[in-house]
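User: Please take a close look at one part of this protein for me. I am a first-year student, so keep the sentences short.

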Amino acid sequence: HNDRNLYEIAHSFNRQFSDGGIYAHIKAIYNFAENHDVERMASTLKDMRHLDTLYCLLYMMPGVPSIYYGGEFGIEGKKGHGGSDDSPLRPPFSPADGPHRGRRPHLPQLIHNLAAVRSSCPAVRYGDYRQLNISNTHLAFARTVSTQQVLVAVNIADQPATVSIQPPRHASRLTDVMSGDILSSPFQLTIPAFTFRILRDTDGGTVEGIELVQHVAPDTTTAAGLDIPVMPSQPQVQHVAAAQARAGGGGGVGLTTKESMLSEVYSRCEALATDELHALLTILRRMRTS
């Protein structure tokens, strides 16, 4: 993003996920944009507007997306003392503080909507990957399964981009899942600056059996045929401190706290288990017995 060179990202995606790619057969790759060892994206990106397309790529690429706490608000964090102190990367944090500390107030809602799109689209969760169009500042690709194709196009430039795309399979119409707009073939997409578009198959006003709605404002409760509730202003997030309290832990994370937290995470994942969580559950089982 900083170098305005999406060819590098496209090369990595192709090498890893395209037909014959080294991870093409693995559907549960663990993906993240930042973690406890690297400086936060809000401090790394030269332009905060690139956070939107960054999270679009994270949620639409093959694999399972992960967000490091506070990243959903775009909070900052840089290593101190010449890079030897990484404690600023892991600050105390409450979701109630997020809107005040973050650089992009709309980001929680955007990520929530991306998660809802991913949840509703099998092609995004475990479909194949194919590049459709590439330049320094825009990238378009398709995710496909036998019953669905989803097309994603991002634009990191500071001006709109017009992109011509050809779906892997024939389609006379595609629906923009965020706006509800229906596009007809041949497909010429106009992508506003610093944003993205996500399209999927349309057939007679429905998408995979989900009734489409008209274009709606961002602060309403539905979007483009997806059941996407508005994100609460203060998301209810389970805190490590709460898990520590239940386990009788102190300021540090002891063995008892670790076991309690892992058990809780394991139980929640098991209740929501799908094929793509199988690998995560396997890891959790091993951690619980280690």
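Is Phe194 buried or exposed? Start there, with its loop and its backbone. Then go through other parts in turn.

Analyst: Phe194 is buried, because its relative accessibility is 6% and the cut-off for buried is under 20%. Keep in mind that this is a predicted model. Phe194 sits in the loop between S9 and strand S10 (195–201). Its backbone deserves a look too. The phi of Phe194 is positive, about 60°, although Phe194 is not a glycine. Most residues other than glycine have a negative phi.

His81 also has a positive phi, near 50°, and is not a glycine. His81 belongs to the loop between strand S2 (64–66) and H4. With 68% relative accessibility, His81 counts as exposed. So here the cut-off is over 50%.

Now the peptide bonds. Most peptide bonds are trans. The bond from Ser185 to Pro186 is cis, with omega near 0°. Pro186 lies in the loop between strand S8 (182–184) and strand S9 (187–191).

Next, a helix under cover. Helix H3 spans residues 50–60, and 11 of its 11 residues are buried. Among them are His50, Asp52, Tyr55, Cys56 and Met60.

Helix H4 (residues 98–101) holds Pro99. Pro99 is partly exposed, at 39% relative accessible area. Pro99 and Gly74 are 25 residues apart in sequence. In space, their C-alpha atoms are 9.1 Å apart.

Turn to the charged pairs. Side chains of opposite charge can pair when their charged atoms come close. The structure has 7 salt bridges. One of them joins Asp128 and Lys27, with the closest N and O atoms 3.6 Å apart. Asp128 is in strand S3 (residues 128–134) and Lys27 is in the loop between H1 and S1, so this pair ties together parts 101 residues apart in sequence. Asp128 is partly exposed, at 45% relative accessibility. Lys27 is partly exposed as well, at 31%.

Another bridge joins Arg40 and Glu34, at 3.9 Å from N to O. Both of these residues, Arg40 and Glu34, are buried.

A further bridge joins Lys78 and Glu39, at 3.3 Å from N to O. Lys78 is in the loop between S2 and H4, while Glu39 is in the loop between S1 and helix H2 (41–44). The two are 39 residues apart, so the pair links distant parts of the chain. Lys78 is partly exposed, with 47% relative accessible area. Glu39 is partly exposed, with 26%.

Go back to Lys27, which helps line the largest cavity. That cavity has a volume of about 40 Å³. Its lining also includes Phe17, Tyr23, Ile26, Pro62 and Asp128. By class, the lining has 6 nonpolar, 1 polar and 2 charged residues. The second largest cavity holds about 30 Å³ of space. Lys27 lines this cavity too, along with others including Ile26, Pro62, Arg125 and Arg143. Here the lining divides into 3 nonpolar, 2 polar and 3 charged residues.

Finish with Tyr23. Tyr23 is in the loop between helix H1 (6–17) and strand S1 (30–32). At 31% relative accessibility, Tyr23 is partly exposed. Tyr23 forms a nonpolar surface patch with Ile22 and Ile26. Together, the three have about 230 Å² of accessible area.

Key: Residues numbered from 1 in each chain as written. Predicted model: local features only at pLDDT ≥ 70, side-chain atom pairs only at ≥ 80, totals over all residues. Heavy atoms only, no water. Patch = residues over 30% accessible without salt bridge, like charges linked within 9 Å, V, L, I, M, F, W, Y side chains within 5 Å. Areas by Shrake-Rupley, 256 points an atom, 1.4 Å probe, with all protein chains shown as cover. Salt bridge = Lys/Arg side-chain N within 4 Å of Asp/Glu carboxyl O. Helix = DSSP H or I, 4+ residues; strand = E, 2+ residues; numbered from the N terminus. Buried < 20%, exposed > 50% of the residue type's maximum accessible area, 1.4 Å probe, protein only. 1 Å grid on protein atoms, 1.4 Å probe; cavity = no way out; pocket = protein on both sides within 12 Å on 5 of 7 lines; lining within 4 Å. Points joined across faces, edges and corners; volume = space filled by probe spheres on them. Nonpolar A, V, L, I, M, F, W, Y, C, P; charged D, E, K, R; others polar.
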